[in-house]
Amino acid sequence: MFELSGKTIFITGGGGGIGGGMARAFAERGARIVLADLSPDFAQEEAETLPPGTEVLIVKLDVRHPDSWQRAKEAVAKRFGEVDVLCNNAGISTGFGPLLDVTPEAFENVMAINVAGVFNGTRTFAPEMVARRAGHIVNTSSMNGLTPFGSFAAYSASKFAVLGLSDALREELAPAGVGVSTLFPGLTRSRMAQHDAAASAADDPERAAMIEANMMDPLWLGRAVVKAVQNDEAYIVTHPAYRDSLAARQQRILAAFGEPAQPGYRHGASATRAPAAASSGIGGS
Ligand SMILES: NC(=O)c1ccc[n+]([C@@H]2O[C@H](COP(=O)([O-])OP(=O)(O)OC[C@H]3O[C@@H](n4cnc5c(N)ncnc54)[C@H](O)[C@@H]3O)[C@@H](O)[C@H]2O)c1
């Protein structure tokens, strides 16, 4: 089991709802916390909610820029040394609306923060974890990274990308003893969730209040993340109510697996999978 006491946990979006919940949950285990956020003021607010005696460092970080990551890494090295757990959690929403109304700039920005941000963080801290043969990375996807719905296409695309990256990375880093987990939150109390809820139910106060009441307390997501890191779990599902919707989607995809498009084609080899995996049908090129 991954011992967390005295370990350094680097959380992007650490000034936000879910990042703050993670910080409190790791702090409950005696870890040292780095709250990295575009807004140091938000991070300061979260720092004030940590258990007394928690060692905490706030760093300003823009996950889109490798230089910003480098500066954050240097600041952490000075204060705590190396990072043991990296939580790539910062993310933005595009708000609900048709994909055709999303501007190229907004699409590029959601990908830069939600996807390239995860890549940049991994490039910054994974090499030293591999060298030490210890460490863990947690990437925040979403239920929208498993079961998308109309009016949230750009965001869902970014969260599917986080899952693809994380699954592949988990396979790549396992031989070095470094774990990778993906978190799939459903509705959770945060500035983002409250902003989106308020916008979507602007003319229906009753519905807005119902959505608000349905938001999970982020501390419980944090505790689920802690458990997953300790047990090296691949997937962290905090809102199981979405299970049927995921199963139905998987079923629709599996139903499309019929005969090969080319009559008589035999799947004998894959560029990326060992023969057993390829012939069992999980292979791809
Ligand atoms: N709250 C939910 O219901 C929900 C559901 C599914 C997934 N998520 C995901 O959880 C993660 C955390 O979101 P949240 O709900 O806590 O929202 P939040 O808005 O409270 O927190 C996000 C934090 O990220 C920071 N941030 C934004 N851009 C940044 C950048 N370029 N560099 C560094 N920091 C940046 C913000 O300042 C903010 O503090 C996101 O990846 C989000 O997509 C949230």
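Me: Why are H1 and H8 called oblique to each other?

Reply: In this predicted model, the axes of H1 and helix H8 (residues 218–231) cross at roughly 55° and come within 7 Å. Angles under 35 degrees count as roughly parallel, and 65 to 115 as roughly perpendicular. The value for this pair fits neither range, so H1 and H8 are oblique to each other. As for handedness, H1 passes H8 in a right-handed crossing.

Me: What makes H4 and H5 roughly parallel?

Reply: Again, look at the angle. Helix H4 (residues 104–132) packs against H5 at about 15°, and their axes are 9 Å apart. The cut-off for roughly parallel is an angle under 35 degrees, and therefore H4 and H5 earn that description. Their crossing is right-handed.

Me: Which word describes H3 and H4, roughly parallel or oblique, and why?

Reply: Helix H3 (residues 66–79) and H4 pack at an angle of about 40°, with 10 Å between their axes. Roughly parallel would need an angle under 35 degrees, so H3 and H4 are oblique to each other instead. The crossing of H3 and H4 is right-handed.

Me: Let's turn to the ligand. How do you know that Gly17 makes a polar contact with the ligand?

Reply: The test is a pair of N or O atoms within 3.5 Å. A backbone N or O atom of Gly17 lies 3.0 Å from an oxygen atom of the ligand, so this pair passes. Leu38 offers a polar backbone atom 3.2 Å from a nitrogen atom of the ligand. With Asp62, the side chain takes part: one of its N or O atoms is 3.0 Å from a nitrogen atom of the ligand.

Me: How much of the ligand does the protein cover?

Reply: On its own, the ligand has 830 Å² of accessible area, and the protein covers 93% of that.

Me: Which elements give two or more residues to the shell around the ligand?

Reply: They are helix H1 (17–28), helix H5 (153–173) and helix H6 (191–200). H6 gives the most, with three residues.

Me: How many residues surround the ligand, and what classes do they belong to?

Reply: The ligand is surrounded by 30 residues, and the closest are Ile18, Asp37, Asn89, Tyr155 and Ser190. By class, the shell has 13 nonpolar, 12 polar and five charged residues.

How values were computed. Residues are numbered from 1 along each chain as its sequence is written. This is a predicted model: local features need pLDDT of at least 70, side-chain atom pairs count only at pLDDT 80 or more; totals for chains, interfaces and linings use all residues. Side-chain values use heavy atoms; hydrogens and water are left out. A residue is near a molecule or strand if one of its heavy atoms lies within 4 Å of it. A polar contact is a pair of N or O atoms within 3.5 Å; within protein, one must be able to donate a hydrogen and the other to accept it, and residues adjacent in sequence count only if both atoms are side-chain atoms. Accessible areas come from the Shrake-Rupley method with a 1.4 Å probe; for residues, only the protein chains shown count as cover. Helices (H or I, at least four residues) and strands (E, at least two) are DSSP runs, numbered from the N terminus. Ala, Val, Leu, Ile, Met, Phe, Trp, Tyr, Cys and Pro count as nonpolar, Asp, Glu, Lys and Arg as charged, and the others, Gly among them, as polar. Axes are lines fitted to C-alpha atoms, for helices over the stretch in contact, and angles run from 0 to 180 degrees between N-to-C directions. Angles under 35 degrees count as roughly parallel, over 145 as roughly antiparallel, 65 to 115 as roughly perpendicular and the rest as oblique. A crossing is left-handed if the near helix is turned anticlockwise from the far one by less than a right angle, and right-handed if clockwise.
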